[in-house]
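Here is a short report on one protein chain. It goes from the overall fold to single side chains.

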Amino acid sequence: MTTDLTRHASVVVAYDFTECSNPALARALAGVLRSPRVLHVLCVLEPNKTYADAELVQKNLTAAIRAAAEVANLTSDFEFFAHVRIGNPAGQILDLAREVGADAIVMGCRGLVGTDRLLHGSVSGRVAREARCLVEIARPKQYADVELLQVIEVEPAHHHPAPFRFSYERHDVLTRPNDWPLY
């Protein structure tokens, strides 16, 4: 498999207007800052929705993408497509990735566990298993900030032993005496 670095990477971003999907869109937009990418932002609606609902969601999705790009200080023009589909989310994400020849899929994760996961399934889990490209599951940071220790410069000494010495001999191993039989 060869990679053409001069072409734009095609990235599918799963977005559903929830807090879980905001990190995915932010992560994809941050990638646009580093290298040329075409974003295909997808929102999947439930099967009981109409095409009028899909058209309204597409307008809102376009506005959300532009607002997120402004927050990410993405001042240059970039290419994106706002897709709205009706159906099964995991299946629609995988279908769009196949149709556009996606190099990556970026999506959020609700983090369902137990019975909720059993009843609702894991969209991100299915996409990660069945996708034929890189899948990145973006989550909001929940670790506490850690203050790093300050690095102190030390004057080099003129003559001092090396700070670490490693030995690869093991003196705690019992060896077999030569006069013992081999069997």
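## Overall layout

Helices and strands here are DSSP runs, with at least four residues for a helix and at least two for a strand, numbered from the N terminus. On that basis the chain has five helices and five strands. The model is predicted.

Read from the N terminus, the order of elements is β-α-β-α-β-α-β-α-α-β. The chain holds 183 residues, and 30% of them are buried. Of the contacts with a separation of 6 or more, 75% join residues 24 or more positions apart.

## The sheet

The five strands form one open sheet. Its order is β3-β2-β1-β4-β5, and the pairing is parallel. Two strands sit at the edges: β3 (79–86) and β5 (134–137). Each of these pairs on one side only. Neighbouring strands are turned by 20° against each other on average, direction ignored.

Strand β1 covers residues 9–14. Six bridges join β1 to β2, and these two strands run parallel. Within this part of the sheet, S10 stands opposite V38 of β2.

## Helices on the sheet

Helix α2 (residues 51–71) lies across β2 and β3. Its direction runs at about 150° to β3.

Helix α3 (residues 89–100) also packs on the sheet. It touches β1, β2, β3 and β4 (104–107). The direction of α3 makes about 155° with that of β2.

## H40 and its surroundings

Where does H40 lie? It is in strand β2, which spans residues 37–45. Is H40 buried or exposed? Its relative accessibility is 8%, so H40 counts as buried. The cut-off for buried is under 20%.

The side chain of H40 makes a polar contact with the side chain of H83, at 3.0 Å. Leaving aside residues up to four places away in sequence, H40 touches S10, V11, V12, V13, F81, H83, L96 and V100. By residue range, S10 and V11 fall in β1 (residues 9–14), H83 falls in β3 (79–86), and L96 falls in α3 (residues 89–100).

## Aromatic pairs

How many aromatic pairs does a search of the whole structure find? It finds two.

One is formed by Y15 and F17. Their ring centres are 5.1 Å apart and their planes stand at 70°, so the pair is edge-to-face. The cut-off for that label is over 60 degrees. Y15 is buried, at 8% relative accessibility. F17 is partly exposed, with a relative accessible area of 38%.

The other pair is F78 with F80. Here the centres are 5.5 Å apart, with 35° between the planes, and the pair is tilted. F80 is buried, with a relative accessible area of 18%.

## Cysteines

How many disulfides does a search of the whole structure find? The search returns zero. C109 shows the spacing at one site: the nearest cysteine sulfur, that of C20, is 7.5 Å away. A disulfide needs the two sulfur atoms within 2.5 Å, and C109 is in no disulfide. C109 has 16% relative accessibility, so this cysteine counts as buried.

Conventions: Residues are numbered from 1 along each chain as its sequence is written. This is a predicted model: local features need pLDDT of at least 70, side-chain atom pairs count only at pLDDT 80 or more; totals for chains, interfaces and linings use all residues. Side-chain values use heavy atoms; hydrogens and water are left out. Buried means under 20% relative accessible area, exposed over 50%, partly exposed in between (1.4 Å probe, protein chains only). A polar contact is a pair of N or O atoms within 3.5 Å; within protein, one must be able to donate a hydrogen and the other to accept it, and residues adjacent in sequence count only if both atoms are side-chain atoms. Contact means heavy atoms within 4.5 Å. Two strands pair if DSSP finds at least two bridges between them. Axes are lines fitted to C-alpha atoms, for helices over the stretch in contact, and angles run from 0 to 180 degrees between N-to-C directions. Rings of Phe, Tyr and Trp (its six-membered ring) pair if their centres lie within 6.5 Å; planes under 30 degrees apart count as stacked, over 60 as edge-to-face and the rest as tilted.
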